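Reader: I should like to go through this structure in a few questions. Please begin by showing the sequence and the model.

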Amino acid sequence: DLHLLSRRQRQMCIRDRSHAPLLFIAHSNKLKNRQIIVSFIPSRYICRNIPPPTMKDIQIQAIGLMSGTSLDGLDVCCCTFHRQADQWTFHIDCANGYSYPDKLKQKLGTGAQQMSALEFITFHSAYGKFLGERVNEFMKEFNVQPDIIASHGHTIFHEPQKRIMYQIGDGAAIAAETHIPTVSDFRRLDIMLGGQGAPLVPIGDRLLFADYDYCLNIGGFSNISFEQGGHRIAFDISPVNYVINYYCRQIGLEFDRDGEIARRGTVYQPLLNELNTMDFYHQTGPKSLGREWVETLIYPMLEKYGLSLEDRLRTFYEHAAYQIARVITTNPLPTGSGKLLITGGGAFNKFLIERIDFLCPYEIVIPDKLIIEYKEALIFAFLGALYMADEPSCLASVTGASKDNIGGMLFKI
């Protein structure tokens, strides 16, 4: 009698390829001896104990779109994912980066926060159309036609403590331009479940990069993920390129190539001490950073001492490297040795990597250029594959949400 089952138990059915329900597996406290029951009339619906089904082997080709807070441009990565015997593997089929025009970069950087509601939603649609056009160029250049597109969008607002976030770039506009099913807005559900909505990359670290003990990404902000007690732990560490690029743009440069500007400077200890004692660095549990925190606290602190650009950046580099090393040394491996994978634009910054290597006790691994540049876009493609496979992409152990969840909104023609 199905009325004795909960709604969730009624939904727990195994389906064949025609999507006809084959049987219900139910364990109900209301039934004597916790019987497995079925109440379907057709004789092919049988009632018997069976082991849980294993996941079917699948193959999915997906395009991931990533636009980070460092405003380096749009990263597009097309990957093929295989799930076999419950294990995921990947192959990067092709990848490319697209620079932002100056006017668009300004809007994504600071302009969008000052827009009226009408201007903002207009820009949201226009930027989505821009993303779709770049994907069309990409698909034509590399002759690919993926199963799904997964778009991070570009973060404009991120204040999870207020349940506020917005990644601009309308997924509907992307789907309309490309005629490819598109998933976007991956963070919103997690935030509504009480989580940080970030970081999202750790599910990819766990399932695709399990050979490394720590996975560190250095972009606008640094973030790390690692296994601890059977759970994936991850969080933002500190701002990095978001701050460095901000000061470099003041002298007409997009970034500090190889860290040469900072290398010429000297650490100013009072500033370093003040940076390292900020409350955020002593918080435990899931935590994330946004531009609001940097603009309110970091910039005023960096500027109040009247330092030269070289000394200001040198001190900030030391701060960023120290915070990364501190997180790793306070979460040591039981074996005493391990591997730290570093990706993101910061992996190209020779001086920053030197400082991290000096302070960190574990072996540093810098992968090939394709992984460095496109790992985040790769993992967003993976989030699209997970969406298709109906598997969680947001881990509660990472974000602090009440439950693991499948984030994103699907737009499909």
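Author: Lys162 counts as exposed, with a relative accessibility of 52%; buried means under 20% relative accessible area, exposed over 50%, and partly exposed in between (1.4 Å probe, protein chains only). This is a predicted model, in which local features need pLDDT of at least 70, side-chain atom pairs count only at pLDDT 80 or more, and totals for chains, interfaces and linings use all residues. Residues are numbered from 1 along each chain as its sequence is written, and side-chain values use heavy atoms, with hydrogens and water left out.

Reader: With which residue does Lys162 form a salt bridge?

Author: A salt bridge is a side-chain nitrogen of Lys or Arg within 4 Å of a carboxyl oxygen of Asp or Glu. The closest N and O atoms of the pair are 3.1 Å apart. The partner counts as buried at 18% relative accessibility, and the residue that pairs with Lys162 is Glu159.

Reader: How many salt bridges does a search of the whole structure find?

Author: Side chains of opposite charge can pair when their charged atoms come close. A search of the whole structure for such pairs gives a total of 19.

Reader: Why are Glu137 and Arg134 separated by about one helical turn?

Author: Glu137 and Arg134 form a salt bridge whose closest N and O atoms are 2.7 Å apart. Glu137 is partly exposed at 39%, whereas Arg134 is buried at 14%. Helices (H or I, at least four residues) and strands (E, at least two) are DSSP runs, numbered from the N terminus. The separation is about one helical turn because the two residues lie three residues apart in helix α3 (residues 117-142).

Reader: Is Arg232, the salt-bridge partner of Glu227, buried or exposed?

Author: The closest N and O atoms of Glu227 and Arg232 are 3.1 Å apart. Glu227 is partly exposed, at 38%. Arg232 has a relative accessibility of 2%, so Arg232 counts as buried.

Reader: Which helix gives the largest share of the largest nonpolar core?

Author: A nonpolar core is a set of buried Ala, Val, Leu, Ile, Met, Phe, Trp, Tyr and Cys residues joined through side-chain atoms within 4.5 Å. The largest one has 50 residues, of which Ile224, Ile298 and Ile356 touch the most other members. Its largest share, nine residues, comes from helix α11 (residues 309-329).
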